[in-house]
Amino acid sequence: CDIVVDVGAEYVPEKHRYDHHQKTFTHSLNSLNPKYKYVTKLSSAGLVYYHFGKEIISTLQKTDLKDPLVETLFVKVYEKFIEEVDAIDNGISTHDEEGRYTINTNFSRRIGAFNPQWNESAQDIDERFRKAMSAADAEFRDKVKFFGGSWWPARSIVAKALESRFDVHPSGHVVEFS
């Protein structure tokens, strides 16, 4: 294999080995690059995202890797999607006390639902894996598309409206969106 993910008990990016199942593994986005504030322990998904996420986002957005949008989307997609995967895979709860309810429809559960039930035949395990990969790919692409195609353009509209608020009313308390 060229790239090994989530097995092998080693994290060696130079050899394309991306596993987080070692007792000594404690990496977060912040520990790999202190410019990022996120301290949630990375899963293998987070490791792959850290090493390849910007390149993938650049490709999906059809923009240069150095475009500031790529960095912005890298952070936003991590914060709103990948960090949840990291936390769930590492058994990190969203709260410190017992929750009021459980969430059973998260991304990890949706992907896990492709596994056969204990009493089902596992004859189609490869097909199930392909379907899970396809679902994961589609959801990731949807997140990048949303943040790049909707969230980011909306931010610029709001910023322009805030910048010109004193042109609308001398108090600056009125914002006009156009």
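Modeller: A crossing is right-handed if the near helix is turned clockwise from the far one by less than a right angle, and left-handed if anticlockwise. Keep that rule at hand. The model is predicted.

Biologist: Why is the crossing of helix 2 and helix 5 called right-handed?

Modeller: Apply the rule. The near helix is turned clockwise from the far one, so this crossing counts as right-handed. Helix 2 covers residues 44–61 and helix 5 covers residues 125–163. They pack at an angle of about 60°, with 11 Å between their axes.

Biologist: How do you know that helix 2 and helix 5 meet, and which residues do it?

Modeller: Contact needs heavy atoms within 4.5 Å. On the helix 2 side, Y49, I56, I57, L60 and Q61 qualify. Their counterparts in helix 5 are F140, R141, V144, K145 and G148. By class, that contact has six nonpolar, two polar and two charged residues.

Biologist: What is the geometry of helix 2 against helix 3?

Modeller: The angle is about 150° and the axes are 10 Å apart. This crossing is right-handed too. From helix 2, the residues involved include S44, Y49, G53, I57 and Q61. Helix 3 answers with residues including L69, F74, V77, Y78 and D89. The split here is 12 nonpolar, five polar and four charged.

Biologist: What makes a group of residues the largest nonpolar core here, and how many belong to it?

Modeller: Members must be buried nonpolar residues joined through side-chain atoms within 4.5 Å. Buried means under 20% relative accessible area. The largest such set has 24 residues. L29, Y49, I57, V77, Y78, I82 and F140 have the most contacts inside it.

Biologist: Which elements supply this core?

Modeller: Helix 2, helix 3 (68–89) and helix 5 each give two or more residues. Helix 3 gives the most, with nine.

Biologist: Take Y78. What does it touch beyond its neighbours within four places in sequence?

Modeller: Y78 is in contact with L29, Y38, T40, L42, Y49, E83 and D86.

Biologist: E79 also sits in helix 3. Why is E79 called partly exposed?

Modeller: Its relative accessibility is 30%. Partly exposed runs between the 20% and 50% limits, so E79 falls in that class.

Biologist: What makes K62 exposed?

Modeller: The cut-off is over 50%, and K62 has 76%, so K62 counts as exposed. K62 is in the loop between helix 2 and helix 3.

Biologist: What stands out in the backbone of K62?

Modeller: Its phi is near 55°, a positive value in a residue other than glycine. Most residues other than glycine have a negative phi. D6 also has a positive phi, near 70°.

Biologist: Where is D6, and why is D6 called partly exposed?

Modeller: D6 is in the loop between strand 1 and strand 2. Its relative accessibility is 33%, between the two limits, so D6 counts as partly exposed.

Biologist: How do you know that strand 2 and strand 3 pair?

Modeller: Pairing takes at least two bridges. Two bridges join strand 2 to strand 3 (residues 17–18), so these strands pair. They run antiparallel. V12 stands opposite R17 in strand 3.

Biologist: What makes strand 1 and strand 2 edge strands?

Modeller: The sheet is open, with three strands in the order 1-3-2 and mixed pairing. Strand 1 (4–5) and strand 2 (11–12) each have a single partner strand, so one side of each has no neighbour in the sheet.

Notes. Residues numbered from 1 in each chain as written. Predicted model: local features only at pLDDT ≥ 70, side-chain atom pairs only at ≥ 80, totals over all residues. Heavy atoms only, no water. Axes fitted to C-alpha atoms, helices over the stretch in contact; angles between N-to-C directions. Helix = DSSP H or I, 4+ residues; strand = E, 2+ residues; numbered from the N terminus. Nonpolar A, V, L, I, M, F, W, Y, C, P; charged D, E, K, R; others polar. Buried < 20%, exposed > 50% of the residue type's maximum accessible area, 1.4 Å probe, protein only.
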